[in-house]
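Dear colleague,

I am passing on the structure we talked about, together with some notes on what I found in it. Please look through it first and then read on.

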Amino acid sequence: MSVKILQPPGWARPRGYANGVAAEGRQVFVGGQIGWDADQRIVSDDFAAQARQALANVVAVLAEARAKPEHLVRLTWFVTSRDEYNAALAGIGGAYRELIGRHYPAMSVVIVAGLLEPRAKVEIEATATKRPKPAKLNTGIEIQVPEYITNGEKVWVNTVTGEFGGRAE
C-alpha cells in the first residue's frame, strides 16, 4: 500500500488524526459499525465501551478483506452526544491504541441527533487501502499487477511490459 499523509505547509500538526491521506491500492469500505456484538446486542450503555466494540467490529470487517488497522485511510465517527464523547475521550483513546495502534488516518467526528439502533451512541465508518499481492511469473520475478475499474469494466496493467487487458479510456 502506498500512503502519503497530507500536511499543508505551515499548518499545525493534528493530534490523533491526519488532515488528509493519499493512498494507492485495493480499497476496502467498511459500513457503519456500532457498539454491538456478533449477535447484534449492544455491549454496554457506556460510551467508551460502545466505541471500543465499534472499533473491534471495524477491525473484524477489515480482516475479512485481509486488511489490517494500518491500512485505514479514513474514519468517520457519528456520535449522539458531544458531552458524552468528550467525557469518554480517555477510554476511547485507550481502546483506539489497543485495537488500531498509533496509526491516525484522516478522521471526522459528526454529532447526530440519533442513530438507527436506539441504544447506539457511536457509529464508525471506515475506508482502508491495501496494496495488491504481487503476481508471480513463471520466471519467478515478482511484479505488481494493479487493477482499475473504468466505466464499470475491469482493466489490468502489467507494470513490466506496459501491456493492458480490458478497455482503457
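Threonine 76 has a relative accessible area of 12%, and because anything under 20% counts as buried, this residue is buried. Please keep in mind throughout that this is a predicted model. Threonine 76 lies in strand E4, a strand that spans residues 72–79 and is mostly covered, with 6 of its 8 residues buried.

What is threonine 76 in contact with, once its neighbours within four places in sequence are left aside? The residues concerned are Ser108, Val110, Glu123, Ile124 and Glu125. For serine 108, the C-alpha atom lies 4.9 Å from that of threonine 76, although the two residues are 32 places apart in sequence. Within strand E4, the side chain of threonine 76 also has a polar contact of 2.6 Å with the side chain of arginine 74.

Strand E4 has pairing partners that may help you to orient yourself. With strand E5 (residues 106–111) the pairing is parallel and runs over 6 bridges, and there the bridge partner of arginine 74 is alanine 106. With strand E6 (residues 122–130) the pairing is antiparallel and runs over 7 bridges, and in that strand arginine 74 stands opposite threonine 127.

Threonine 127, which is placed in strand E6, has a relative accessibility of 10% and therefore counts as buried. Its side chain makes a polar contact of 2.8 Å with the side chain of arginine 74, the residue whose side chain is also joined to that of threonine 76. Apart from neighbours within four places in sequence, threonine 127 is in contact with Val28, Phe29, His71, Leu72, Val73 and Arg74.

Turning to the helices, H1 (residues 47–64) and H3 (residues 89–99) pack with their axes 9 Å apart and at an angle of about 20°. Because angles under 35 degrees count as roughly parallel, H1 and H3 are described in that way, and their crossing is right-handed. On the H1 side, the residues that meet H3 are Phe47, Ala48, Ala51, Arg52, Leu55, Ala56 and Val59, while H3 contributes Gly91, Ile92, Ala95, Tyr96, Glu98 and Leu99.

If you open the structure yourself, arginine 74 may be a convenient place to begin, since you can go from there to threonine 76 and to threonine 127.

With best wishes

Methods:
Residues are numbered from 1 along each chain as its sequence is written. This is a predicted model: local features need pLDDT of at least 70, side-chain atom pairs count only at pLDDT 80 or more; totals for chains, interfaces and linings use all residues. Side-chain values use heavy atoms; hydrogens and water are left out. Buried means under 20% relative accessible area, exposed over 50%, partly exposed in between (1.4 Å probe, protein chains only). Helices (H or I, at least four residues) and strands (E, at least two) are DSSP runs, numbered from the N terminus. Two strands pair if DSSP finds at least two bridges between them. Contact means heavy atoms within 4.5 Å. A polar contact is a pair of N or O atoms within 3.5 Å; within protein, one must be able to donate a hydrogen and the other to accept it, and residues adjacent in sequence count only if both atoms are side-chain atoms. Axes are lines fitted to C-alpha atoms, for helices over the stretch in contact, and angles run from 0 to 180 degrees between N-to-C directions. Angles under 35 degrees count as roughly parallel, over 145 as roughly antiparallel, 65 to 115 as roughly perpendicular and the rest as oblique. A crossing is left-handed if the near helix is turned anticlockwise from the far one by less than a right angle, and right-handed if clockwise.
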